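Here are my comments on the model you sent, set out as numbered points. I have tried to keep the confidence of the prediction in view before turning to the individual elements.

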Amino acid sequence: MTERYGAPVGDGRPSRGQAVIHPSPSQWLDVAAAARADGFDQLVDLTAVDYLTYGADRSLPEGVQPERFEVVASLMSHARLERLRMRVQVSADDPALPTLFDLWPGSESLEREVYDMFGIAFEGHPDLSRILMPEDWPGNPLRKDYDSGRIPVQFKAASNVR
Amino acid sequence: MTLQTAMSTTGVAPSGADRVSRREPSAVLRMSEAEAAEIGGDPDDPGDDELVLLNMGPSHPSTHGVLRLMLELSGETVLRSKPVIGYLHTGMEKTGENLTYLQGGTNVTRMDYASPLFNELAFSLATERLLGIEVPERATWIRMLMCELNRVSSHLLFMATNGMDLGAVSMMIYGWREREEVLRFFEKVTGLRMNHNYIRPGGVAADLPADWRTDVARLIELIEPRLEEYDTLLTGQPIWRERLQGVGVISVAEALALGATGPILRGAGMAWDLRRDEPYLFYDQVDFDVIVGTHGDCYDRYAIRLNEIRESLRIVAQIIEAMPSGDYRVQDKKVTPPPRSRIDASMEALIHHFKIFTEGFKVPPGEAYAAVESPRGELGVYLVSDGTSVPYRVHVRAPSFINLQTLPHLMQNGLIADGVAIISSVDPIMGEVDR
């Protein structure tokens with residue numbers, strides 16, 4: 001099994017040849033710091049996927065324990081014209097990860113969006129609050145058990161007068 | 001890290017600090033709306049040394065839609081600020097999980113409504129990467145033609161709104177006027193002025209009209225001299241320079257740290273353009289320059305966009321010469337519906353057509369990311385497929401959403417009036433920010 005920055009390298013087939021590494025949650029910050037030191041100077045994107053109802057094979061490399069959530073961070077090295085994707089498994093029982101804010105301050109609103117949409121907490125984040133939904137919104141809309149038709153129906157107690 | 005240390009050295013240490021909780025030397029006002037509401041209950045007439053919290057927007061002419069800024073002011077100086085977004089949030093990424101790959105284009109095209117074709121392109125490229133198909137050459141050239149014209153129309157819209165925000169109202173009229181000419185061509189090709197759903201997985205929806213070369217040549221002929229007029233009207237004009245030069249300055253290191261791409265990063269002095277540095281479509285076969293600034297101020301961002309219109313027209317002129325004949329969509333029965341004429345003649349073609357538009361086509365499981373250089377920066381689409389005809393997850397890396405993070409840093413220690421120029425120069429499209 002090949003490794004990069006101490007994290008297993010993903011099989012190219014499911015990722016269509018794009019470079020992917022799978023650090024564990026405890027490695028997350030160290031692997032990110034190693035990548036930052038190695039020239040990945042920009043955090044291009046950070047998002048999450050809820051694999052609750054995923055029907056196909058996850059095709060994770062050996063030794064990576066599949067969990068419900070996966071946080072996906074895309075890095076860019078401008079000097080080498082190289083992209084790298086980091087995919088980390090986050091358990092449903094304790095959905096939390098250390099923040100990447102200290103390495104790339106640009107992760108601030110991206111992590112807030114993941115917190116808002118998936119309920120994954122980022123420890124050490126300077127302002128972990130909802131960003132797109134109202135502050136008092138219940139639930140996390142992009143979770144797979146949050147139905148898209150879940151708008152409360154008004155006046156449902158009214159009897160049918162006809 | 002460099003950014004934080006830079007911020008803490010330039011950060012202000014205002015008096016009356018105990019009034020506001022969580023005060024740290026930073027450009028970003030990290031405060032919830034509830035906290036702000038509490039402080040906002042204080043009397044309207046603060047003493048000389050007191051700070052004021054002011055909401056700008058969400059409905060303010062200079063906020064380009066529904067952007068709200070919480071500003072912490074000392075007099076007219078902005079100390080810290082926080083963009084409050086989400087007013088246009090309609091859960092488009094969630095909607096995308098319920099639409100087939102063929103319907104997905106109608107969804108993503110509504111995100112960045114000033115440059116809809118780029119959304120469709122990024123979505124189609126990601127889908128095609130998952131499918132492992134190659135689109136025909138003509139389809140790729142058509143995509144390039146349409147996207148470069150869209151960059152022109154999007155930057156013309158920027159010229160118009162940037163002028164309007166700074167009081168150059170004639171520029172607003174001129175910008176909209178020229179943009180309308182481009183949209184008229186889009187309408188002829190796609191049937192719609194905006195939200196085209198023209199670029200689809202496998203190619204484009206329809207071939208170009210027979211006389212497209214004349215139309216496009218006329219567009220170039222029309223717009224190029226108008227750009228000279230803009231130069232006369234704005235570029236060298238002292239008032240325009242006074243309003244923009246030295247306002248909203250950002251360095252390359254800061255822009256990279258904050259994830260900024262597009263004209264903000266190029267304005268700071270870094271020559272970074274995905275069209276040149278990570279060529280997609282046939283950008284490696286055309287000749288164009290990457291426009292770079294030196295100071296990273298509002299003026300550089302204005303000048304970059306103006307000159308990018310020229311570069312795009314240059315690319316368009318080359319596309320007129322290079323356009324090959326051939327198919328405008330891939331002839332893969334799995335992805336492409338049969339031609340209209342076959343449907344009347346063949347029962348199988350009718351069934352095939354029906355199945356593609358009701359069930360859609362299946363995409364093998366996996367995940368892929370595709371990025372394009374939109375007028376606002378890197379526009380990326382991250383797709384996860386579970387082998388069905390509907391994507392399992394659609395994520396859009398919206399450049400405006402991330403570029404908006406630079407706002408508090410650009411605005412810090414500037415005047416509110418400069419804030420208007422700065423919001424305009426970041427050119428956020430709120431449909432894309434909120435998705």
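A residue is called buried here if 20 or more other C-beta atoms lie within 10 Å of its own, with the C-beta atoms placed from the backbone.

1. Burial in strand 6 of chain B. This is a predicted model, and the burial criterion bears directly on strand 6 of chain B, where both faces are covered. On one side Gly366(B), Ala368(B), Ala370(B), Val372(B) and Ser374(B) are buried, and on the other side Glu367(B), Tyr369(B), Ala371(B) and Glu373(B) are buried as well. Because nine of the nine residues of strand 6 of chain B are buried, the strand is largely enclosed by the rest of the structure.

2. The sheet that contains this strand. Strand 6 of chain B belongs to an open sheet of three strands in the order 6-7-8 (chain B), with antiparallel pairing. The edge strands are strand 6 (366–374) and strand 8 of chain B, each of which pairs on one side only, and the twist from one strand to the next averages 15 degrees. Strand 6 of chain B and strand 7 (residues 377–385) of chain B run antiparallel and are joined by nine bridges, while a hairpin connects the two through two residues. Within this pairing, Glu373(B) stands opposite Glu378(B) in strand 7 of chain B.

3. The helix on that sheet. Which strands does helix 5 of chain B touch as it packs on the sheet? The contacts are with strand 6 and strand 7 of chain B, and the direction of the helix makes about 150 degrees with that of strand 6 of chain B. Helix 5 of chain B is itself mostly covered, with 16 of its 16 residues buried. Its geometry is also as expected, because at 1.5 Å a residue the 16 residues (116–131) should span 22 Å, and the end C-alpha atoms are 23 Å apart, which agrees. Just after helix 5 of chain B, Gly132(B) takes a positive phi of about 75 degrees.

4. A second sheet in chain B. Another open sheet of three strands has the order 1-2-3 (chain B), and its pairing is antiparallel. Its edge strands are strand 1 (52–56) and strand 3 (77–84) of chain B, each pairing on one side only, and neighbouring strands are turned by 25 degrees against each other on average, direction ignored. Strand 2 (residues 68–74) of chain B and strand 3 of chain B pair in the antiparallel sense over seven bridges, with Ser74(B) opposite Thr77(B) in strand 3 of chain B.

5. Chain A as a whole. Chain A has two helices and eight strands, and from the N terminus on its elements run β-β-β-α-β-β-β-β-α-β. The C-alpha atoms of chain A fill a box of roughly 70 × 35 × 30 Å along the principal axes, and buried residues make up 41% of the 162 residues of the chain. Among contacts in chain A between residues at least 6 apart in sequence, 57% join residues at least 24 apart.

6. Helix 2 of chain A. This helix (residues 107–118) has twelve residues and reaches 16 Å from its first C-alpha to its last, close to the 16 Å expected at 1.5 Å a residue. Eleven of the twelve residues of helix 2 of chain A are buried, including Leu110(A), Val114(A), Tyr115(A) and Phe118(A). What covers these buried residues includes strand 4 (42–50), strand 5 (69–77) and strand 8 (121–123) of chain A, together with helix 16 (399–403) of chain B. Helix 2 of chain A is followed by Gly119(A), whose phi is positive, near 75 degrees.

7. The contact between the chains. How many residues of chain B are in contact with chain A? There are 42 residues of chain B in contact with 36 residues of chain A, and the chain B side divides into 17 nonpolar, twelve polar and 13 charged residues. The predictor gives the complex an ipTM of 0.89 and a pTM of 0.90.

8. Confidence and caution. Chain B averages a pLDDT of 87, with 91% of the residues scoring at least 70. In chain B, confidence is highest in strand 8 (residues 393–397), at a mean of 95, and lowest in helix 1 (residues 2–10), at 38. Over residues 1–24 of chain B the pLDDT is below 50, and beyond near neighbours in sequence this stretch has 31 contacts in the model. Where pLDDT is low, the predicted coordinates should not be read in detail.

How values were computed:
Residues are numbered from 1 along each chain as its sequence is written. Chains are lettered from A and ligands numbered from 1 in the order in which they are written. This is a predicted model: local features need pLDDT of at least 70, side-chain atom pairs count only at pLDDT 80 or more; totals for chains, interfaces and linings use all residues. Helices (H or I, at least four residues) and strands (E, at least two) are DSSP runs, numbered from the N terminus. The expected span of a helix is 1.5 Å times one less than its number of residues. Two residues are in contact if their C-beta atoms, placed from the backbone, lie within 7 Å. pLDDT is the predictor's confidence in each residue, from 0 to 100. Ala, Val, Leu, Ile, Met, Phe, Trp, Tyr, Cys and Pro count as nonpolar, Asp, Glu, Lys and Arg as charged, and the others, Gly among them, as polar. Two strands pair if DSSP finds at least two bridges between them. Axes are lines fitted to C-alpha atoms, for helices over the stretch in contact, and angles run from 0 to 180 degrees between N-to-C directions.
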